[in-house]
Amino acid sequence: MKQFKIHPAIGCARVGNSEEFYLAPEQLGALPIECDNNTGQEICDEQGQPQRVTKFKEADNLGRIKRQAARFRIFVYDKDADDSQQELKIGDKFEFPLETSTTGIQLVEGTVTDIQWTVHLANKKSAWYEFQETNGQHGYSPNFPLRNASVTEPDRRRQLITDPGPRTISGAGNHAKFSENDGTAYPQSFPPDDIKPYAISTLGEMMVSEDNSQHRHLVVLGGYGHAGYKGEDGRTVPVISNFANNDGWYDDVSDGPVRALIHYSYIKRYTDAKGKPAEEKKHSSYQVDASAWLLVGYPRYAPEIEDMVTMDEAIYDLSVRNFAYEPAMYGVAPFDRKNNQPKTLEQQQLWQSESRYNPDYYPRFYRDIWPILKRPDVYSYTFDFDPFGGGVPHNTGTGGNLDEKALSQAPKNGQDPNKQKRQFIYAIMRKPGQENLYTVPEDLDGIFADKYHNSASKPRLMPMLNGNNPLTNTSPDKFFRMTDTQLFFLEQWMKGKFINECEEWDEDKTQCENPWAEPPKTARGIDRGVLANVLGGAFCPGAEVGWIMLNPAIYSESYRIHQASYQAGGLSIPASIAIKDGSSAENFKQGLEPGDLTKYMGLPWQADFHECTYQNVNVTYAQWNNIYLDSTGDTAVTDIAYNIPWWPAHRPMVIQKANEGQFYWVSGIPDNNAGSVQMVTDWVELGFIKYEQDAGGNYGYFQEERNDKALGPQVRPGKRRLGGRVKRSNNND
């Protein structure tokens with residue numbers, strides 16, 4: 001019997017204040033896909049390839065950002081298969097298990113007639129605990145601070161959740177909205193109508209789209225990017241004082257489960273009252289074997305610039321080490337699928353205890369290695385690098401540290417002229433346990449130790465980006481590092497155990513340097529491609545979602561969120577409040593509810609987004625972010641701090657104007673708390689960054705669609721500090 005699974009397993013929609021929309025990209029660093037806004041169907045070019053977005057805002061209206069819709073589809077799997085290229089369509093015939101009162105469960109041949117989709121989105125930010133960097137990753141104490149702490153009654157606490165209830169639709173062309181007062185019997189909860197500057201009466205909408213091959217897709221749009229404030233005393237003049245926790249605020253990002261029923265018809269054969277054979281057309285339905293999840297995040301202003309670690313790479317690493325996702329690379333010898341299929345919890349725990357990386361695994365250079373090495377150089381388009389402040393990209397030219405031609409050459413015939421270059425790069429990559437180190441350890445992993453011993457010119461560890469907690473002295477995590485799996489790739493590459501696809505492939509080599517050039521055709525490829533455009537760290541708190549995504553407990557299998565059952569209107573609240581009347585509290589063993597992924601994020605999202613530029617990171621002591629030398633008389637130690645960027649691919653600081661140089665991206669929005677309030681309204685005026693050719697014929701990442709009329713002219717770095725130089729603060733500092 002076949003299995004039926006929704007893909008992508010985790011989709012990503014994005015807010016915008018326009019009714020117009022496009023579809024989410026399904027491959028790394030790709031532009032989103034143009035679609036028909038009436039049907040949700042993708043638009044293809046003459047070659048049958050997806051037509052890419054050219055404008056992110058409405059025509060002739062630079063203050064209207066289009067929304068990004070997430071597209072879901074159902075794939076058909078053979079028994080025990082781990083991937084599929086077959087998409088379910090209307091009219092397909094399959095065997096379905098049917099339970100009757102007389103025969104029990106039997107298999108019937110059914111013809112697919114429709115797909116019934118159900119989506120439930122919610123926003124739990126206002127009802128959740130405060131975000132305090134890495135605190136909470138391993139649970140919350142009974143006295144952990146809450147957002148809106150004065151709301152202590154369980155019923156009132158639940159009213160802080162924006163919960164429109166589930167929506168169910170079927171049939172091509174049908175629509176539904178996640179809106180307030182739409183006639184649903186579900187006990188909805190929405191923010192007060194008088195929050196300012198924007199009320200929130202919907203979390204978005206969804207529609208069923210059908211293509212020419214009778215594939216029925218679900219297309220889901222999120223909210224309009226609205227955020228509003230109403231103080232406990234009734235004040236409606238917006239106030240923001242913290243990058244993540246602001247009482248009285250609501251916003252309309254969300255997340256939640258995506259489920260589906262496959263409707264089918266079948267022929268029931270029986271003997272009639274006269275003893276003659278008879279048949280009757282009947283109808284039934286089958287719940288898909290694997291449901292999905294939707295994230296709704298803020299706009300991706302530089303969609304083609306790749307994050308240093310993508311969410312795909314983060315979850316790929318988690319899946320490899322916890323769910324036997326790639327047994328040829330990680331598992332138990334002989335590193336095949338047959339010996340790496342733990343079924344029960346006990347088997348999985350034993351597998352995890354005995355598993356390791358395969359020392360004979362050969363990563364591919366352009367798929368696994370080069371993306372790690374090339375990304376920092378692109379960030380020069382969105383970050384004003386200070387060579388003495390942290391993070392200038394390596395020299396990528398001929399003979400430079402990151403010379404592609406040299407680094408892509410695998411050893412041949414016993415000759416390895418580039419071994420020393422690979423060793424140096426691997427030595428300066430930040431390893432586990434080095435998250436609080438600014439420069440390489442003195443022995444430099446045994447590489448060139450004499451050259452850098454006791455030297456002030458020791459190389460900095462890479463990547464030179466902020467970690468999960470460069471703010472407080474509680475569990476410092478100052479600098480970012482690659483995933484364990486990425487570091488394994490680099491180690492194998494350093495040893496010369498890697499493959500250069502362009503030299504090894506016998507088939508057409510036109511795409512060997514870009515394995516993501518074509519849209520994925522498999523279910524697994526779509527899972528990975530969608531999440532390749534979501535930030536995978538650092539998480540302070542993050543972009544679309546945060547460190548909760550690194551917890552294996554939230555997954556039922558690789559890439560797939562474990563979903564909970566829940567009562568209508570009874571979504572869980574913090575345990576410290578729930579205990580008062582036995583209300584539902586968060587329980588990962590039971591699964592996740594709508595709103596359980598985005599509730600950890602900044603409130604409103606515009607405040608954290610405004611401040612995610614760079615951070616003053618103190619490197620005087622490894623285990624302290626904040627030091628107070630005057631109070632100890634410790635005058636012998638120099639207080640050393642460096643400005644380190646957060647996510648140049650996700651939150652640009654500067655942009656490159658064609659033929660004009662660099663300018664502050666958020667010029668016109670001040671770098672203070674008032675600027676965070678202004679960002680609540682002015683995020684729609686900011687420009688998008690695209691890879692294109694300038695008037696001089698040079699290719700690069702240049703800004704388009706900025707509303708200078710609303711924000712004023714942009715200024716250059718060093719002229720004025722307008723936006724982009726905000727040091728995050730914390731209530732406990």
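Three strands of this predicted model make up an open sheet whose order is 10-13-14 and whose pairing is antiparallel. Its edges are strand 10 (196–197) and strand 14 (249–251), each of which pairs on one side only. Strand 13 (residues 227–229) is joined to strand 14 by three bridges, the two strands running antiparallel, and within this pairing Gly228 has Tyr250 of strand 14 as its bridge partner. In general terms, the strands of a sheet pair through backbone hydrogen bonds, in either a parallel or an antiparallel manner.

**Helix 2 against helix 8**

Two packed helices are described by the angle and the distance between their axes. For helix 2 (residues 311–322) and helix 8 (residues 484–494), the axes come within 8 Å and cross at roughly 85 degrees, which means that helix 2 is roughly perpendicular to helix 8. On the helix 2 side the contact involves Glu313, Tyr316, Asp317, Val320 and Arg321, and these meet Asp484, Thr485, Gln486 and Phe489 of helix 8. By character, the residues of this contact divide into three nonpolar, two polar and four charged.

**Other contacts around helix 8**

Helix 8 also takes part in an aromatic pair, one of 46 found in a search of the whole structure. Tyr361 and Phe488 form this pair, with a centre-to-centre distance of 6.3 Å and an angle of 35 degrees between the planes, and the arrangement is tilted. Because Tyr361 lies in the loop between strand 19 (356–357) and helix 4 (365–378) while Phe488 belongs to helix 8, the pair ties together parts that are 127 residues apart in sequence.

Arg481 is placed in the loop between strand 21 (477–479) and helix 8. When its neighbours within four places in sequence are left aside, Arg481 is in contact with Val309, Arg430, Lys431, Pro432, Glu435, Pro463 and Leu487. Between Arg481 and Gln623, which are 142 residues apart in sequence, the C-alpha to C-alpha separation is 17 Å.

**Backbone geometry in loops**

Most residues other than glycine have a negative phi, and most peptide bonds are trans. Against that background, Asn181 has a positive phi of about 55 degrees although it is not a glycine, and its place is in the loop between strand 9 (175–179) and strand 10. Two cis peptide bonds are set out below.

| Cis peptide bond | Omega |
|---|---|
| Ala333 and Pro334 | about 15 degrees |
| Gly537 and Ala538 | about 0 degrees |

Pro334 is found in the loop between strand 18 (330–331) and helix 3 (345–354), whereas Ala538 is found in the loop between helix 10 (523–531) and strand 22 (555–557).

**Confidence of the model**

The protein chain has a mean pLDDT of 91, with 92% of its residues reaching 70 or more. Where does pLDDT stay under 50, and how many contacts beyond four places in sequence does the model have there? One such stretch is residues 387–391, for which the model has 18 contacts of this kind; another is residues 720–733, for which the model has 57 contacts beyond four places in sequence.

Notes: Residues numbered from 1 in each chain as written. Predicted model: local features only at pLDDT ≥ 70, side-chain atom pairs only at ≥ 80, totals over all residues. Heavy atoms only, no water. Axes fitted to C-alpha atoms, helices over the stretch in contact; angles between N-to-C directions. Helix = DSSP H or I, 4+ residues; strand = E, 2+ residues; numbered from the N terminus. Parallel < 35°, antiparallel > 145°, perpendicular 65-115°, else oblique. Contact = heavy atoms within 4.5 Å. Nonpolar A, V, L, I, M, F, W, Y, C, P; charged D, E, K, R; others polar. Pairing = 2+ DSSP bridges. pLDDT = per-residue confidence, 0-100. Phe/Tyr/Trp six-rings, centres within 6.5 Å; stacked < 30°, edge-to-face > 60°.
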